[in-house]
Structure formats: C-alpha cells, structure tokens
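Got your viewer open? Let's walk through this one stop at a time, selecting as we go.

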Amino acid sequence: MKKIPSIIFLLLMSFLSAQQKSYYQQFAKYKMEIDVDAANFTYKGSQSITYTNNSPDELHEVYFHLYWNAFRPNSMMDQRAQAQGKMGDSRLQTNGVSRLQSIPKNEEGAQNIHFIKQNGRDLKFEIQETVMKVQLAAPLKPNATTTFTMEWDAVVPKQIRRAGRNSSEGIDMTMTQWYPKIAEYDYDGWAAFDYVGREFHAPFADFEVSIKIDKDYIIGAGGTLENPREVKGYAEKSEITPDENGKVTWRWTAKSILDFAWAADRDYFVDSFTILDGPKVYFVYQKNERTKFWEESKPFVTKFFQLMNATFGRYVYPSYAFIQGGDGGMEYGMCTLMLGEHSTLERLCGLMFHEAAHSWYQHMLASNESMYPWLDEGFTSYAEDYAMYRLFPPENPVPNPFFDTVQRYINFTKRGMETPASWLADHHDGGAAYSHASYVKGQMFLIELGYIIGEPALSTVMKEFYNEWKMKHPAPRDFMHIAQKVSGMDLKWFYHYWINTTKTIDYAIKDVKYGAAETTVTLINKGGVPMPIDFGVLTKDGKITTYNIPTNLTRNRKKQDVYGEFTTLNFWPWTQKEYSFTLPFSKSEIAALGIDFSQRLADVNPEDNFIDLTNSKNGKR
C-alpha cells in the first residue's frame, strides 16, 4: 500500500509533463491611434496590446520588433549588404554597394519609443537596433493576460526594402512592419530575430487601427474598413468631414492575422469584386496605362482563389487586397504590397498568385519564416506554379507543372553556390543562395515528395496539413508527421537529405542487354541522395509501361500516381550502388526507355537517364 502514492505521483508527473509539451500559441489584441504628418513623412502613434500567455512558462521579459530602425547607414542591414557585396540582395545594392549608405539623414527610418507600461506601471526597456527587450514589472504567469500601453513617433524611411516613402512607382507611403510589434514566443523561445532584410514571424492578433491622415489621401490595407462613407475612395457617396487640420480618420479592424499593413497615396484608385465561394478582393492602385493589366487580371484572380480553396484549403478571411507599393511583392495579413507596373498580364498574375498564396503558407499556416523560410516560400512557389500551369497553360506541352522549376534547380546546383535549406533565412551566403534554398529547393521538396509517395497522396497530405494546422504555427516536423501518416512511408531520410544537406540525385542507365523476348537493365546510383526510381518503357505502338523501384528506406511502396499505372519491383537497398531488373520486351518492340518519363526526379545529370532506340542502331542516350 505504501507504493501507491509514489505510483500516483509518477503518473501525475507524467501527465503534467505531457500537458506541458502539448501545442500552444500566444495571442495579442492591438488597439492603435495613429496621426500621420504626410507632408513630412512622419507619424505619432499610441497603442495598447492585450497579450495572453498561453504557454506553460512564466515570462519575465517580452520582445518587440522595431523594423524601421534598420533603414539607416551602418545598421545591421547595411552591414550585411556591404559584407555580401554583389552576392547579396540586389534590392539593397547598386553595383554591389549598399543603398542604405546613401540614405539622407532626414529619410532614415526611426521608431522612437516614448514609454511602455504594463498594466499602468512603467517598464525598463533596451533597444538593440530592430529589437526592443522589455523587462516586465510583474511576471506573466501561464494562462494569464496583461496589457501593454506605449507611445512612439516614427519617421517613414526612404523606400529601399518593402517599406518606405516615395516608391519607384510613385506611391507616397508603404506602411509595412511599421509599428512596434510584439515578438512570437513558442516552444523554441522568443523569435526575436534582428531584421537584416529577410523574413518575419509573429503571434496571431486582432487589430483595431485608427489612422488620421490628410483628407486627400486614400488608404489600402489588409483588413475591414469600418467607416467607408467617411473617407475617400470606398463608397459611392461619401460624407467626408475633415477636422481642423484637414484630416480624416480611417478605422480598420482585422481578426486573427499576423500583422496589419497599409499604404497611402493621393492618386489611388479603389476597385473591388466578390468571388463566389471566396473573399471580396480589393485592387488599390494608380490606374493608368502602365497598370492596364490590373483590370484584365480579375477573372484570373477569381479562378486563382477558387482553385486554391479547392486544392489546398479554404481562405478564411473576408477580404484580400492587392495594393500597389513597396518593391517587388511582399505578403501581409489579408493583403500584399506589390509593384503594379508589368509588361504582360501573365507577369502581373504570377506576382499576384505568389503573394496571395502566402495567405496559405505564411498566414493561415503561420510557420516561422525566419527559421524555416523554405516551408513558406517553397510551398507558396509550389502553389503559384500549380495555379499558373492551369490558368496560363504553356503553348508547348511539358511533362508536369513544375518542369521549369526542376530545370532551375539542376542548373543552380552546377554553380557551386548552394547552401542547405535548413539555414536561418538571414544567414545564407548571398541572395542567390537564399532564393535557391528557400524558393526553389523548398518547392522541389514537394515535387520530389510527390514523386516518392505519388501525387494523389501528396494532394491528401496538403489538405490534411491545412485541416490540422490552419490558424496555427506549424513546424517542418508537423508536416512530416502528416506526410508519413498519409503515405504510410518512412520519410525522415528524405527530409534529412533534402533540407539538411546539399547532396544531389544522380542516377544513370549503366547497361542494357537485349534478349530474344526480354531486356535486362542495370541502373547505377552515382549521386549522394538515394531515391525510388520510376522506370518507363515506350513501345513502338505508343504505349508506356512504368516500373516503380522503391527504396528500402521508405519501408513501404507507392500505391498510385497520376502518370499512369505501374508495376512495383523489389526494393533497392540504399547502400547498393547498382540494381538490375528484366523487362518482358524485346529490343524490336522498344522505342525508348529511361528513368522518370514524368521528369519530376531532380537528377542533376539527366542526359544518361534515357535511351532512344529510334535514333540509331544501338540506341542513343
């Protein structure tokens, strides 16, 4: 009987330990009052943040992001741009020289904090350029809520990267990452990353934002405008009543988004349309000859949202805004800030599709971009190409929607600049290495996964990932858990090779022996990454027969694929360099044979993967 209490104690500790390791996410509610001096590109701000600690940890400090402090000479962003030279981000440089060096003093970005309080008590804080560390007056216990109040003033920086004044296309103010934003806290601790030009992360939050600005301005934002009749551009009949300073107040709200972004210009045109079974879409842009394709893009944007809803999961917010401003394109809560002038409709839609797809793979599935940029950028690029292939089909048929991405990947591997996708976003060796690891290799992760487990299984994985993790903060492990569960395969090896290394795939046909009624093929693995192999035979009557050679690493076999039925052969042990098998075809029956007719396999030397028997007596590789 004396042992029972100790057993109960151990069970209780085990239960509590399991509870502590369960998933949680923090939450914030912002209420802001902003007064903009548009003539001088400055503003004054005050905000209260109701912050809930849903973690099992007692918090003694919190962190805030002050992104605009990066836009000045000799900032960390400037130092990074100088150190990388021509290898860095071209938007931060001119001929390899940092553009931040030439920012005039009056155009340097600034977020000057006047005070911050916790439940009315003054707090000590330390500003480390773009990160503000705040010591709490009282510890914030698990499952407790506290309120921060603060005031600050800010200088809108020269437009160089995403945010700023006077963009290259003449937009007055691009207001992104513009307010003191509380950092995310999760199982990995505070995501208090310095801003040197790359990615962001934040807790989900509700926003109430009041922006007072000159009456002649129109604002585009990611959120719901609560007083459209009191401002310019959004209602057929407006009742604009400026205050004594000639300003009006715009009142915006948004629920469960990662940030609130907006832009302001006196020449904006506002257009909107509602998508059946989708959001209300706003176009906020300067309507002129250079932006003529915006109007033509409407049916394509409509089909895009419908396609995304059906394929990857439903868009949960009531609206989405495409807003001209900034540089390139950048996703924010319920909106994107993007260049508006494009040479073709297809280019404009490509940018719109990519940025809007981030609503799935950054905002609804809000992974930590700073730690896992490939999980956001790669998955977003996959969705973009999926949509572009269907809405802008190529004139010349290609084997699969991602054929061009496979070729880009293969070409880049030969440049000797590749860095592992597992690296933190800001720590890659130059812009090209970051883009390849995050966009290209992140997208290739899904392409190769579809090749391994089959496209139907991948489709199920993507939907299950959305269903289980929407409006949460998934990590790669969460996606892999679903991929393994759906496919029934062990995929840890694939994740390791593809994300943690720069090893490549390189298979080849080593030998072919033709018999009277059969053909024996020997393949060789010359690369560093083991993979299953789909081997195809094209007969002279135009039929394709496919054989799947699984790798023993998966512990299971692919069940089906969209590229036709296949026959499964014996496992290829990953330690074994060569693999031979016999086909029930004579040489006279075969037109061509080779590895992966779908051309999804990222083989870096595909020229030795095929034999065309129609070109020569012995067959041409």
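A residue is called buried here when its relative accessible area is under 20%. Keep that cut-off in mind, and remember that you are looking at a predicted model.

**Stop 1: helix α12.** Select residues 492-500, which make up helix α12. Colour Trp493, Phe494, Tyr497, Trp498 and Ile499, since these are buried. What do the buried residues of α12 pack against? Show α7 (373-391), α8 (403-413) and α9, and you have the partners.

**Stop 2: the annotated pair.** Now pick Glu355 and Tyr439, which UniProt lists under "active site" in an unreviewed entry. They span 85 residues in sequence, but their C-alpha atoms are no more than 12.7 Å apart, so they gather at one spot.

Start with Glu355, in helix α5 (residues 345-357). Is Glu355 buried or exposed? Its relative accessibility is 4%, so Glu355 counts as buried. Beyond its close sequence neighbours (up to four places away), Glu355 touches Tyr320, Gly329, Met330, Glu331 and Thr336. Zoom in on Glu331: its backbone nitrogen lies 3.3 Å from a polar atom of the Glu355 side chain.

Hop over to Tyr439, which sits in helix α9 (residues 431-453). With a relative accessible area of 27%, Tyr439 is partly exposed. Leaving aside neighbours within four places in sequence, the contacts of Tyr439 are His354, Glu377, Gly378, Ser381 and Tyr434. Show the side chains of Tyr439 and Glu377 to find a polar contact of 3.3 Å.

**Stop 3: where two domains meet.** Colour the chain by domain: domain 1 is 24-203, domain 2 is 388-500 and domain 3 is 507-612. The C-alpha centres of domains 2 and 3 are 23 Å apart. Their contact takes 27 residues from domain 2 and 30 residues from domain 3.

How much area is buried between domain 2 and domain 3? About 2300 Å², with carbon and sulfur atoms giving 62% of it. Select Tyr451, Trp493 and Tyr497: together they supply 32% of the area that domain 2 buries against domain 3, more than any other three residues. You have already met Trp493 and Tyr497 as buried residues of α12.

For polar detail, there are 12 residue pairs in polar contact between these domains, counting pairs with both residues at pLDDT 80 or more. On the domain 2 side, α8, α9, α10 (455-469) and α12 each supply at least two of the residues touching domain 3. The largest share, 7 residues, comes from α9.

**Last stop.** Select Glu455 and Arg600, which form a salt bridge with their closest N and O atoms 2.8 Å apart.

Technical notes:
Residues numbered from 1 in each chain as written. Predicted model: local features only at pLDDT ≥ 70, side-chain atom pairs only at ≥ 80, totals over all residues. Heavy atoms only, no water. UniProt positions renumbered as here; feature names shortened; annotations may be inferred. Helix = DSSP H or I, 4+ residues; strand = E, 2+ residues; numbered from the N terminus. Buried < 20%, exposed > 50% of the residue type's maximum accessible area, 1.4 Å probe, protein only. Contact = heavy atoms within 4.5 Å. Polar contact = N/O pair within 3.5 Å; in protein donor to acceptor, adjacent residues only side chain to side chain. Domains from an automatic or database assignment. Buried area = accessible area lost by both parts, 1.4 Å probe. Salt bridge = Lys/Arg side-chain N within 4 Å of Asp/Glu carboxyl O.
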